[in-house]
Amino acid sequence: MPETSLSPNRAPVSHSLRVGGCFALLLAVGLLCWPVQPRAAQSEGAVEALIRRLAAPEMDGRRAGTPGGERAVELVERELAALGLAPLEGFSGLRQEFEFHPHSMVTGETLRLAGAARPLDPTDWQALAASGAGRVTAPAVFCGYGLRDVAADWREYEPADVVGRVVLLVRQVPEGLVADSAPQAQTLERRVAAVRECGARAVLVVDSPFDLQAARLRGEGPDPALGDLGLPVAGLSAAWADSLLQQAGSGLKAQLSRLSRAKRAQPARPLPGELELSIRVEHETARSWNLGAALPGTGAAARRWVLVGAHHDHLGRGADGLGPLHPGADDNASGTALLLQLARDLRESLAGQAGERRSLALVWFGGEELGRLGSRRLAGESPAWLDSLDLMINFDMLGRLENQTLLLLGGAEHPELQPGLGAAGLAAGLQVRATGESPGGDHESFRALGLPAVMLFTGAHEDYHKPTDTAERIHSAGLEPIRRALAGWLPTVLDPGLRIAAGQAAAAVPEGGSPVRVAIGIVPGYEGHSGGIPVQDVKPGSAAERAGLRPGDVLLALGRFPVANIHDYTFALRHYVAGEELPVAYLRDGQRRQTTVRLEERIRP
Ligand SMILES: [Zn+2]
């Protein structure tokens, strides 16, 4: 091309200059178009780069409650802060703290038949890791599986049968035995909490003699998320349980066979004599954080919410911190990084967009690997926006797009979501498959509340929860299509025109029954403490303030319900209405005290 100059004030323009001019114009247009691509390339590189940083050795596998876990929180927080999104209710700044017990030490323990010369041999019983501390001497009662589900018309005991007693129950509820009872109601945690709420003093758990797997698990118990169960709980050998029951007429096998033949709950069976049980427990307390921010919606639709979440933690080096490093590149550095990138993309693509739009909550959960600690915390806290949640989408393991297929787990319950995601996937060169199954994950914490929740997933693989889940094995070529598909799909989910089906779990008995409609005006601590929950703060002008409660007090009981952890607290509140006057037992400076509180309506901003 002949030499050309482009200054505007020269004599009439020659042919070559015209050609030059057109080229410049094309170049300008080209340059104008180019910014999109570099951002995609930049985002592609950025997502993979962030996965590498989260899966790097210095993150030490990002276990909650460890220095590596804290470094990961700081990294995600820095990335999130750079986006300058709106704050999310329930978070202070970008963080929401929660405490948990990574380790519990059960010490100094005795189980003896009252009057017997020798206590039981340690091989015959063991305190459960989540046991509460306590010294109990009381008569015992056998309650079968210890299930009392009034809605399912299955009552293995009445409150009067267990009050002041040691309850003996069988750990494993046979699948399908109580068809109408929700799985959440049958968990060991829930059954133990239910007898405790009825006033039981301690619980002994025996493995079903029909469950061959059982025997090796005697000492294991519920997860650390619940802190302690609020009363002494121990596993008992089937041989000992059988000998106790023989004294009341017939042994363990006979009792359970009778029950399964009748397919009807059998009445509680008091056992002769008394049991002496004492358990001392020391809980190590650790803390971690959820990180969260919001992209507010527009118009009236902004009152409705969609939550997209991804857990930032992984296994670290195992519970004792001495095992091999688990980088957790796919699980779940991939989901964490993609969600940060999409937060950036949506902030830009939604800015200034006309029309009504739901609000978007973006949360990076902590402690998922230790039992959904962070998402349970958020679900338990239930900030106002959660009451207006239309959908929860969980990003977990999105780094191994093996066969160009993105899975929407739990999507079979949401046919309304499939066309949008399918179209966005296609546009990005992806297949999308909706499935019915919904494995464990943070979305479960919201399904348990009866909220609609799904999970995006690229599929299981042999490196799952292994030291080999490294950044090198991430399918980087799959990251960009997934990012594009989700950047295209999520705005359609925010469109109020999309009617999202209610959560399936709504039909089942939610974890704690009816929603909480009342409040007393305290900010409860989330971890059990001295057999109750700490009062972290008291709202000015609240019923709690009028009742004389102060920060630092420990709430022990509310009305007729003992309160050993946050679940008990919300469970108790669900049983009362505004205006009711309740006795409240609490500890101040080690002294047990009582006051009366008048419940108030729970205000929703
Ligand atoms: Zn995961």
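Modeller: Four donors count as tetrahedral if all angles lie between 85 and 135 degrees, and as square planar if opposite donors are over 155 degrees apart and all others between 65 and 115; anything else is irregular. Keep in mind that this is a predicted model.

Biologist: OK, what holds the zinc ion?

Modeller: His-311 through NE2, Asp-331 through OD, and Asp-396 through OD, listed twice, coordinate the zinc ion at 2.0 to 2.7 Å.

Biologist: And which geometry does the site of the zinc ion have?

Modeller: The angles among its 4 donor atoms run from 50 to 141 degrees, so by the 85 to 135 cut-off the site is not tetrahedral, and it is classed as irregular.

Biologist: How are the donor residues spaced in sequence?

Modeller: The pattern is H-x19-D-x64-D. His-311 lies in strand E10 (residues 305–311) and Asp-331 in helix H9 (residues 329–350), 20 residues apart, and the pair links distant parts of the chain.

Biologist: Is His-311 buried or exposed?

Modeller: His-311 is buried, because its relative accessibility is 0%. Asp-331 is at 2%, so Asp-331 counts as buried too.

Biologist: Switching to helix H8. Which residues are buried there?

Modeller: In H8 (residues 252–262) they are Leu-252, Gln-255, Leu-256 and Leu-259. They cover an arc of only 90 degrees around the axis, so they sit on the same side of H8.

Biologist: Why would residues three or four places apart point the same way?

Modeller: Because an α-helix has 3.6 residues a turn.

Biologist: What do the buried residues of H8 pack against?

Modeller: Several elements, including strand E3 (134–142), helix H7 (238–246) and strand E9 (269–295).

Biologist: And what comes just after H8?

Modeller: Lys-263, with a positive phi of about 50 degrees.

Key:
Residues numbered from 1 in each chain as written. Predicted model: local features only at pLDDT ≥ 70, side-chain atom pairs only at ≥ 80, totals over all residues. Heavy atoms only, no water. Donors = N, O, S within 2.8 Å, 3.2 Å for Na, K, Ca; no water. Tetrahedral: all angles 85-135°; square planar, octahedral: opposite > 155°, others 65-115°. Helix = DSSP H or I, 4+ residues; strand = E, 2+ residues; numbered from the N terminus. Buried < 20%, exposed > 50% of the residue type's maximum accessible area, 1.4 Å probe, protein only. Arc of directions from axis to C-beta. Contact = heavy atoms within 4.5 Å.
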